[in-house]
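Ready for a few exercises on reading a protein model? Keep the sequence and the 3D view open, try each task yourself, and then go through the solution.

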Amino acid sequence: MDAVVTPGSAQAAATAIAGRARGFLSGAREIDDAAVAVTGELPAWLRGTLLLNGPALWELPGGHLDHWFDGYAMWHALRIDGGAGVRYRSRYAQSDSYRRSLAAHSPVYGEFGSANPAGLLARIRAPQSTDNPAVVMSRHGARWCSVTETPILTYFDPVTLDTQERLHLGHGGETMHLMSAHGYTLPDGSYLNVATALGPKCELKLFRLPPGATKPEVIARIKTPKAGYTHGLGLAPGHAIVWETALRAQALAFRFGARSYAHNFRWEPGAGSALHAVALDSGAVRSWHIPPMMAFHATQAWLDGGDLVLEIAIYGDGAVFDDLYLAPRRAGAPMRSRARHVRYRLRDGRADAQPEPMPGPAIELQQVYPDRVGRGRARVCWGMDAESREFASCTQRVDLDSGAVATWRRPDATHLEPLFVPRPGGTADDDGLLLVPTLADADATTVVGVVDARTMEGVAELRAPQIVPFGFHAAWRPA
């Protein structure tokens with residue numbers, strides 16, 4: 001019999017919300033082990049665990065969180081054994097933010113879009129930053145960790161989903177206040193990411209954390225008057241590409257203010273933005289000035305002769321943050337901000353670069369064949385639609401040379417990040433499957449679409465035992 005544990009403090013939000021907007025509601029349960037209904041036929045080679053991460057609890061008895069990004073993290077595991085069946089498990093990440101807020105019956109930390117409830121004296125005496133690891137899961141050596149945009153790694157067991165220890169990278173001698181959510185696992189198991197030290201002069205620190213290490217090794221330091229909001233970075237052969245957006249951090253606001261994380265950045269287009277290419281072996285830095293932009297995710301980075309090329313989804317300002325507050329998302333409001341899929345060509349001897357439009361539509365939460373990342377160039381990518389005013393209405397495959405588009409869509413559904421799982425032994429850029437969490441208006445629970453990555457035809461559907469609240473990123477752990 002399936003064992004179910006329900007946190008007594010979880011409070012469901014407005015029950016009047018219906019349809020696909022239910023993915024933005026609190027109330028997901030911790031489930032120990034449950035069967036997942038499968039329709040269609042799973043290929044025998046698909047054996048492993050689909051790990052999902054994201055916010056799952058926004059309401060507490062004495063208070064609530066305001067932004068999609070703010071909810072307390074829950075990990076979900078769908079263990080797939082080819083044709084033998086699928087099992088599901090879920091656990092809340094036992095972060096300080098989650099545990100202390102549950103005990104207080106109200107949020108105790110400021111989050112991405114929710115104000116810091118601590119008083120001025122408390123903020124001056126002991127500055128705090130959330131450790132709610134609701135964004136990206138990565139491998140560090142043989143271990144798994146989960147992060148948000150602060151320099152804290154929360155380790156977890158990918159089988160049981162039990163929370164393990166927490167590692168604060170800013171407590172090891174290097175000052176680090178912020179960190180990109182999107183680090184990379186290098187071939188030797190090292191964790192590569194970029195952190196930000198705030199102050200009168202800010203410093204971006206590209207660092208490596210070797211397997212088993214607890215202190216980061218800084219590869220390069222990039223000084224900047226005001227650090228830009230940094231959610232990710234690109235990885236090309238031998239290089240990391242770090243971008244500075246025109247959303248600039250207000251250092252004193254982070255130190256003493258009560259506003260949310262997002263409101264501690266200000267759109268300052270006058271100074272433009274920048275791209276920095278860091279050589280991973282020497283730490284040498286080359287920089288290019290670019291027009292002002294904001295970005296979450298790179299599609300890929302690669303070498304073209306002597307040029308570095310970055311492909312990325314960008315925005316003309318920071319209005320997308322406002323689009324993703326819970327109120328408009330639960331109301332199904334149209335998206336006001338729209339992404340552009342562009343390419344920057346970084347040439348030696350040049351001090352600037354211009355965004356070149358990419359063929360095909362704008363997409364977000366982009367995926368490419370994982371073996372190409374940091375090694376070469378992928379010819380196709382997948383992502384969720386970022387061009388229409390409807391939020392995440394379909395999954396798209398884009399040919400990065402011709403712009404040809406193929407679409408997979410469940411009617412009246414929200415489609416989240418399509419995770420690409422390569423077929424063992426395959427070498428083509430599209431030889432594999434996409435695993436796409438969706439929720440349609442009429443669905444009783446979340447449906448993970450299993451989609452042929454080449455033809456964009458559905459192969460199977462996995463029906464989870466509950467609605468998995470809308471998250472951001474997934475990971476695949478092979479059997």
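Before we start, one definition: helices (H or I, at least four residues) and strands (E, at least two) are DSSP runs, and they are numbered from the N terminus. Please also keep in mind that this is a predicted model.

**Exercise 1. Place T230 in the chain and describe its surroundings.**

Step 1: Start with the elements on either side. Strand 18 covers 217–224 and strand 19 covers 233–236, and T230 sits in the loop between these two strands.

Step 2: Now judge how covered the residue is. Buried means under 20% relative accessible area. T230 has 9% relative accessibility, so it counts as buried.

Step 3: Look for its partners. Not counting residues up to four places away in sequence, T230 touches M179, S180, V194 and W243.

Step 4: Finish with the polar atoms. A polar atom of the T230 side chain lies 3.1 Å from the backbone oxygen of G228.

**Exercise 2. Find out which residues S260 is in contact with, and whether S260 is buried or exposed.**

Step 1: Locate the residue. S260 belongs to the loop that runs between helix 3 (251–256) and strand 22 (265–267).

Step 2: Apply the cut-off. The relative accessibility of S260 is 3%, and therefore S260 is buried.

Step 3: List the contacts. With neighbours within four places in sequence left aside, S260 is in contact with E111, F112, G113, S114, A115 and Y325.

Step 4: Check the polar atoms of the side chain. One of them lies 3.3 Å from the backbone oxygen of F112. The side chains of S260 and H263 are joined by a polar contact of 2.8 Å.

Step 5: Try a distance across the model. P43 is 217 residues from S260 along the chain, and the C-alpha atoms of these two residues are 45 Å apart.

**Exercise 3. Describe R330 and name the residue whose side chain it joins by a polar contact.**

Step 1: Find the element. R330 is in helix 5, which consists of residues 326–330.

Step 2: Use the cut-off again. R330 is buried because its relative accessible area is 17%, and buried means under 20%.

Step 3: Follow the side chain. The partner is E59, with a polar contact of 3.1 Å between the two side chains.

**Exercise 4. Look at the phi angles of L365 and D412.**

Step 1: Take L365. Although L365 is not a glycine, its phi is positive, at about 50 degrees. L365 is part of strand 29 (residues 363–367), and it is buried, with 8% relative accessible area.

Step 2: Turn to D412. Its phi is also positive, at about 55 degrees, and D412 is not a glycine. D412 lies in the loop between strand 32 (405–408) and strand 33 (413–415).

**Exercise 5. Now step back: how compact is the protein for its length?**

Step 1: Count the elements. The secondary structure comes to 5 helices and 38 strands.

Step 2: Compare two values. The radius of gyration is 21 Å, close to the 23 Å that the globule rule gives for 479 residues, so the protein is as compact as a globular protein of that length.

Step 3: Add the overall extent. The C-alpha trace spans about 60 × 55 × 45 Å along its principal axes.

Step 4: Put the single residues in context. Of the 479 residues in the protein, 59% are buried.

Methods:
Residues are numbered from 1 along each chain as its sequence is written. This is a predicted model: local features need pLDDT of at least 70, side-chain atom pairs count only at pLDDT 80 or more; totals for chains, interfaces and linings use all residues. Side-chain values use heavy atoms; hydrogens and water are left out. The radius of gyration is taken over C-alpha atoms; the globule rule is 2.2 Å times the number of residues to the power 0.38. Buried means under 20% relative accessible area, exposed over 50%, partly exposed in between (1.4 Å probe, protein chains only). A polar contact is a pair of N or O atoms within 3.5 Å; within protein, one must be able to donate a hydrogen and the other to accept it, and residues adjacent in sequence count only if both atoms are side-chain atoms. Contact means heavy atoms within 4.5 Å.
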